[in-house]
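Subject: A structure for you to look at

Hi there,

Here is the structure I promised to pass on. Have a look at it first, and then read on for what I found.

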Amino acid sequence: MNYILGKSGEGIVENYLTKERKFQIIKCRYKKSCGEIDIIAIEDSSDSSQSDISSIGTVIFIEVKSTTKDYVDFENTISKKQWRRIFDTAEQFFLDSDFEKYHQYNCRFDSIFIKNAKIVNHFENIIIDDFLS
């Protein structure tokens, strides 16, 4: 993929996540030897009436894909091998002392697709086990 197109798509997604979804972005282009995650964000569970683990918040690992093509099979754009690398990198994130305060958070995996500078799909809570077998 074109580097400039990818960076532009990530910028569009960052804006969408922070302004429309009210997520807090904690890291863009998180790289480890096993792979890279485009965006890591926090969805805060600010309902203070809850006392269980779900009230902590959720770390969201987001893969961004950008295209200008007319037809894209979004559901098959990210390969099993790519999901494996994303998952392995997410595991490293939770071992990273720089992000220790997020170690008790829930987590989920999302993918967001950009076409011609517009968000066309946001798949939330992808079941990663389907890609790891």
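Reading from the N terminus, the elements of the chain follow the order α-β-β-β-α-β-β-α. That comes to 3 helices and 5 strands. Please keep in mind as you go through it that this is a predicted model.

Let me start with the sheet. The 5 strands form an open sheet in the order S1-S2-S3-S4-S5, and the pairing is mixed. Strands S1 and S5 (118-123) stand at the edges with a single partner strand each, so one side of each has no neighbour in the sheet. From one strand to the next, the twist averages 30°.

Now for the pairs, going along the sheet from S1. As a reminder, strands of a sheet pair through backbone hydrogen bonds, in either a parallel or an antiparallel way.

- S1 with S2: strand S1 (residues 24-32) runs antiparallel to S2, and 7 bridges join the two. The connection between S1 and S2 is a hairpin of 2 residues. If you want a spot to zoom in on, lysine 31 stands opposite glutamate 36 in S2.
- S2 with S3: this pair is antiparallel as well, with 5 bridges between S2 and strand S3 (residues 58-67). Here alanine 41 faces isoleucine 60 in S3 as its opposite residue.
- S3 with S4: the sense is parallel for S3 and strand S4 (residues 106-115), which pair over 10 bridges. Glutamate 63 is found opposite serine 111 in S4.

Which strand is mostly covered, with 7 of its 9 residues buried? That is strand S2, spanning residues 35-43. S2 is also the strand that has antiparallel bridges both to S1 and to S3, so you will come across it in two of the pairs above.

Finally, some values for the chain as a whole. Of its 133 residues, 39% are buried. The chain exposes about 7,900 Å², and 46% of that area is supplied by carbon and sulfur atoms. I also looked at contacts between residues at least 6 apart in sequence: 58% of these join residues at least 24 apart.

If you open the model with the sheet in view, the strand order S1-S2-S3-S4-S5 is a handy guide for finding each of the pairs listed here.

Happy viewing, and best wishes!

Notes
Residues numbered from 1 in each chain as written. Predicted model: local features only at pLDDT ≥ 70, side-chain atom pairs only at ≥ 80, totals over all residues. Heavy atoms only, no water. Buried < 20%, exposed > 50% of the residue type's maximum accessible area, 1.4 Å probe, protein only. Helix = DSSP H or I, 4+ residues; strand = E, 2+ residues; numbered from the N terminus. Pairing = 2+ DSSP bridges. Axes fitted to C-alpha atoms, helices over the stretch in contact; angles between N-to-C directions. Contact = heavy atoms within 4.5 Å. Areas by Shrake-Rupley, 256 points an atom, 1.4 Å probe, with all protein chains shown as cover.
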